[in-house]
Amino acid sequence: MRSLVLVLAFAVLGVAEPRVPDRKTKLFNGRDLSGFTVFLKENGVNDNRRVFTVQGGQIRISGEEWGALTTVDDWRDYKLVVEWKWGGPNWPPREKRARDSGILLHGVGEHNPKRNGWLESYEYQIIEGGTGDMIPVAGAERPRSTAEVRFGPDKQPYFEAGGPEHEFDRQRVNWWGRDENWKDVLGFRGPKDVEKKVGKWNRSEIIARGDSLHFYLNGRLVNRLTKLSRTAGKIQIQSEAAEIWIRKVEIEPAGP
């Protein structure tokens, strides 16, 4: 019944029904950016600065201009695997700030340069010291979610399995081990960081099942969201002033 309702809903809206993976599929084929579109804050679909390139079987995102790679297809009920590592120095205006990027999930709406080309979505934050945070990215609406959290001395919510549930539509939900004294400075590392050092490969896994998102980093659960107001959409990988390399983007069934 749920599948029938989804089919009818997307038919009424005049858009394609989101795909559900039935096997492991490479979204990045190792050769080119087929299956993705590019949108940049300053140049739209024209990547004149070659922010997104394929080099040696890997995607290089220079970070020189803010924007995103966006999947052509919408997806739901999947496991997404992205393997990535930080590159060199940052670009203005973040030369001395923490290296920053992110994976946007269940993206809907239109690319808008005022929002750096990012769709309304849930962000799996990739930033030094804060990889695994969830940030609701506003569009026409604000995506809502619920998380089990504790509130730190800084009044910010940190994921804590079994903690009280709270609903969020504006505030970031920090991963459980984020340093409460985190600073937006280049090279920041906290004592509990799961992220590897600059230049080492990290593995981010995201399980999108129904109205929930599970965030993993290097094999460890770092965040979990439930009762999502959005359960399907496009996937984006950000360019946000930091060079980042990506060697794998794969999608497969979410599992039971």
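These exercises work through selected residues of a predicted model.

**Exercise 1. Place K41 and list its contacts.**

Find the element that holds K41, decide whether K41 is buried, partly exposed or exposed, and name its contacts beyond four places in sequence.

Solution.
- Step 1: K41 sits in the loop between β2 (36–40) and β3 (52–55).
- Step 2: The relative accessibility of K41 is 42%. Buried means under 20% and exposed means over 50%, so K41 counts as partly exposed.
- Step 3: Neighbours within four places are set aside. K41 then contacts E65, W66, G67, P113 and N116.
- Step 4: For scale, take F168. K41 and F168 are 127 residues apart in sequence, and their C-alpha atoms are 27 Å apart in space.

**Exercise 2. Do the same for Q238.**

State where Q238 lies, whether Q238 is buried or exposed, and what Q238 touches.

Solution.
- Step 1: Q238 belongs to strand β16 (residues 234–239).
- Step 2: Relative accessibility is 1% for Q238. The cut-off for buried is under 20%, so Q238 is buried.
- Step 3: Leave out residues up to four places away in sequence. Q238 touches I61, G67, A68, S101, G102, L104, W118 and E123.
- Step 4: G67 appears in this list. G67 is also among the contacts of K41.

**Exercise 3. Examine the backbone at P93, N116 and K227.**

Which peptide bond is cis, and what is the phi of N116 and of K227?

Solution.
- Step 1: The bond joining P92 and P93 is cis, with omega about 10°. P93 lies in the loop between β6 (78–86) and β7 (100–108).
- Step 2: N116 has a positive phi, near 65°, and is not a glycine. Its loop runs between β7 and β8 (120–127). At 9% relative accessibility, N116 is buried.
- Step 3: K227 also is not a glycine, yet its phi is positive, about 55°. K227 is in the loop between β15 (220–225) and β16. At 48% relative accessibility, K227 counts as partly exposed.

**Exercise 4. Trace the salt bridges.**

How many salt bridges does the structure hold? Which parts of the chain do the R203 and R230 pairs link?

Solution.
- Step 1: The count is 23 salt bridges. Opposite charges on side chains can pair when the charged atoms come close.
- Step 2: Start with D77 and R76. Their side chains meet at 2.6 Å, N to O. Both D77 and R76 are buried.
- Step 3: R203 pairs with E83, with the closest N and O atoms 2.8 Å apart. This pair links distant parts of the chain: R203 is in strand β13, E83 is in strand β6, and 120 residues separate them. R203 is partly exposed at 29% relative accessibility, whereas E83 is buried at 10%.
- Step 4: R230 pairs with E120 at 3.0 Å between the closest N and O atoms. R230 lies in the loop between β15 and β16 and E120 in strand β8, so the pair ties together parts 110 residues apart in sequence. R230 is partly exposed at 26%; E120 is buried at 3%.
- Step 5: Shared partners build one network of salt bridges from K79, E83, R203, E205, R247 and K248.

**Exercise 5. Locate the positive surface patch.**

Which residues gather in the patch of positive charge, and where is K197?

Solution.
- Step 1: The patch consists of R189, K196, K197 and K200.
- Step 2: K197 is in the loop between β12 (165–168) and β13 (202–209).
- Step 3: K197 has 58% relative accessibility. Exposed means over 50%, so K197 counts as exposed.

Methods
Residues numbered from 1 in each chain as written. Predicted model: local features only at pLDDT ≥ 70, side-chain atom pairs only at ≥ 80, totals over all residues. Heavy atoms only, no water. Patch = residues over 30% accessible without salt bridge, like charges linked within 9 Å, V, L, I, M, F, W, Y side chains within 5 Å. Areas by Shrake-Rupley, 256 points an atom, 1.4 Å probe, with all protein chains shown as cover. Salt bridge = Lys/Arg side-chain N within 4 Å of Asp/Glu carboxyl O. Lys, Arg positive; Asp, Glu negative; His and termini not counted. Charge placed at Lys NZ, Arg CZ, Asp CG, Glu CD. Helix = DSSP H or I, 4+ residues; strand = E, 2+ residues; numbered from the N terminus. Buried < 20%, exposed > 50% of the residue type's maximum accessible area, 1.4 Å probe, protein only. Contact = heavy atoms within 4.5 Å.
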